[in-house]
Amino acid sequence: MKQVLIETHLFKPSKGLLSEGKMSERGNPLVEGILATCEVENGNGRYYSKDLWEREIDKYMELVDQNRATGELDHPESQVINLKNVSHNIKDINWDGKNIMGTIELLPTPSGNILKALIDSGITVGVSSRGMGSLEQKGDLMEVQDDFELLCWDFVSTPSNPDSFMRLVQENKEYKAQDNYKKVNTILGEILCSHGFCPIV
């Protein structure tokens, strides 16, 4: 029986201000790194074949080409992408050996602004695939079956898989992090108080 399958990788950008990295055609910051790894046991004890991922990436590229490859900040156990929680849009996907690499645009939505503030302040988050599929026990592994369907990639707080790090798309600029927590609080305060109501003081 199909179920929601969620796989999470670390998202750890290289040092640098998002504002000093490369931007999308709309002027939004870009980050890049590993979205998923095939043919290895992941942190959830699951195994995805490369053929399965290749098939799903080919299908998902239609959404990328149509500028509709969005994802949420934190994801529900659901097949539906909730537009009010959308934080980012995947701009490109390519292969590097067994790794699925992605370039991600951070959107100027409420969730996207929070994600940008966290990343820009060096906070480690996870990038997490969300899909539907069934599992079959193969020895110590749970093998993801051919009925798997990729839905999206979300950003989450709790990583579960190693060896998947994101980096900023940089133009050879560096910065020294100063008072990151104060910067996060200031940005979050501006977002939350933009309509005259400040639940955080």
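In this short talk I will go through the confidence of the model, its main nonpolar core, one helix and two single residues.

This is a predicted model, in which local features need a pLDDT of at least 70 and side-chain atom pairs count only at pLDDT 80 or more, while totals for chains, interfaces and linings use all residues. Residues are numbered from 1 along each chain as its sequence is written, and side-chain values use heavy atoms, with hydrogens and water left out.

Let me start with confidence: pLDDT is the predictor's confidence in each residue, from 0 to 100, and the protein averages 79, with 73% of the residues scoring at least 70. Among the elements, which are DSSP runs numbered from the N terminus, with helices (H or I) of at least four residues and strands (E) of at least two, α1 has the highest mean pLDDT, 97, and strand β11, residues 166-168, the lowest, 51. Over residues 160-165 the pLDDT is below 50, although this stretch has 19 contacts in the model beyond near neighbours in sequence, a contact being heavy atoms within 4.5 Å.

Now to the core, meaning a set of buried Ala, Val, Leu, Ile, Met, Phe, Trp, Tyr and Cys residues joined through side-chain atoms within 4.5 Å, where buried is under 20% relative accessible area, exposed is over 50% and partly exposed is in between, with a 1.4 Å probe and protein chains only. The largest such core has 30 residues, and those with the most contacts inside it are W53, Y60, I90, I93 and W153. Its largest share, six residues, comes from α1. Leaving aside neighbours within four places in sequence, Y60 is in contact with several residues, including I90, I93 and W153.

What is α1 itself like? Its buried residues are L52, W53, E56, I57, Y60, M61 and V64. The helix bends by about 25 degrees at K59, the bend being the angle between axes fitted to the seven residues ending there and the seven starting there. After α1 comes N67, whose phi is positive, near 60 degrees.

Finally, two residues outside that helix. M23 lies in the loop between β1 and β2, and it counts as partly exposed because its relative accessibility is 35%. M23 and L106 are 83 residues apart in sequence, yet 9.5 Å apart in space, C-alpha to C-alpha. L135, in strand β8, counts as partly exposed at 23% relative accessibility, and its C-alpha atom is separated by 8.3 Å from that of R46, 89 residues away along the chain.
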